Amino acid sequence: MEQLQMSIPFETEIDAIPGLSYVPDYITEETQTWLLAKVDNGLWLDDLKRRVQHYGFKYDYRKRKVDMSMHVGRLPNWLERLSQKLHNDGYMPEIADQVIVNEYVPGQGISAHIDCEPCFKDTIVSMSLASSCVMFFTNKLDHTIKIPVLLEPRSIVVLTGQARYEWMHSITARRYDEWEGTPLKRGRRVSLTFRKVIVQ
């Protein structure tokens with residue numbers, strides 16, 4: 001097993017980050033299987049270190065930009081249904097019109113960032129499928145404040161307010177995580193991130 005590098009956070013409670021919500025078991029096992037099949041029938045892009053799919057609008061990672069020229073069509077029915085459910089359940093104030101699917105195989109991660117502020121509205125929801133991982137939330141003004149959150153399969157994490165704008169989120173690139181002293185081996189993880197585009 002590789003050496004684990006874990007920061008000891010000042011806080012370990014989700015409540016320490018205003019605007020952050022975590023909902024375990026948001027979807028059923030059957031729905032997860034159905035969603036993974038839909039994802040794997042989609043077109044993967046390899047322009048990043050990880051594979052991605054864009055729905056609704058394509059996001060320009062290099063320019064950190066979304067505009068109407070990047071509109072690639074309405075969300076497919078399966079994502080429209082999920083977007084409507086998130087809205088109906090009160091997790092998104094508007095129905096999402098942009099979804100990015102990310103695939104993380106063991107050893108892959110994503111650097112600390114805040115989702116593009118002029119591109120997307122206040123609320124962002126990310127759904128985890130297939131495997132767990134630990135996501136870190138780092139205060140953008142004090143990088144020593146680093147809070148881990150375990151994202152389990154079939155869960156969603158909701159970022160709004162301070163969690164959206166004042167905390168960076170990241171996933172360390174490694175094959176194992178550690179949670180409450182227990183090593184967790186990563187498998188293939190797929191995330192679906194739901195956002196509402198600010199039309200420019």
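The following exchange examines how terms are applied to a predicted model.

User: On what basis are features reported here?
Analyst: This is a predicted model, in which local features need pLDDT of at least 70 and side-chain atom pairs count only at pLDDT 80 or more, while totals for chains, interfaces and linings use all residues. Residues are numbered from 1 along each chain as its sequence is written, and side-chain values use heavy atoms, with hydrogens and water left out.

User: Why is E3 called mostly covered?
Analyst: Buried means under 20% relative accessible area, exposed over 50%, and partly exposed in between (1.4 Å probe, protein chains only). In strand E3 (98-104), 7 of 7 residues are buried, so the strand is described as mostly covered. Gln98, Ile100, Asn102 and Tyr104 are buried on one side, and Val99, Val101 and Glu103 on the other. Strands (E, at least two residues) and helices (H or I, at least four) are DSSP runs, numbered from the N terminus.

User: What makes E3 and E12 a pair of strands?
Analyst: Two strands pair if DSSP finds at least two bridges between them. E3 and E12 have 7 bridges, in the antiparallel sense, and therefore meet that criterion. Within this pairing, glutamate 103 has valine 190 of E12 as its bridge partner. E2 (residues 51-55) also runs antiparallel to E3, with 5 bridges; there valine 52 is matched with asparagine 102.

User: How do you know that the side chain of aspartate 97 makes a polar contact with valine 197?
Analyst: A polar contact is a pair of N or O atoms within 3.5 Å; within protein, one must be able to donate a hydrogen and the other to accept it, and residues adjacent in sequence count only if both atoms are side-chain atoms. A polar atom of the aspartate 97 side chain lies 2.9 Å from the backbone nitrogen of valine 197, so the distance satisfies the cut-off. Aspartate 97 itself sits in the loop between helix H2 (77-88) and E3.

User: Why is the set containing Leu79, Met127, Leu192 and Phe194 called a nonpolar core?
Analyst: A nonpolar core is a set of buried Ala, Val, Leu, Ile, Met, Phe, Trp, Tyr and Cys residues joined through side-chain atoms within 4.5 Å. The largest such core has 25 residues, and these four have the most contacts inside it. H2 gives the most, with 4 residues.
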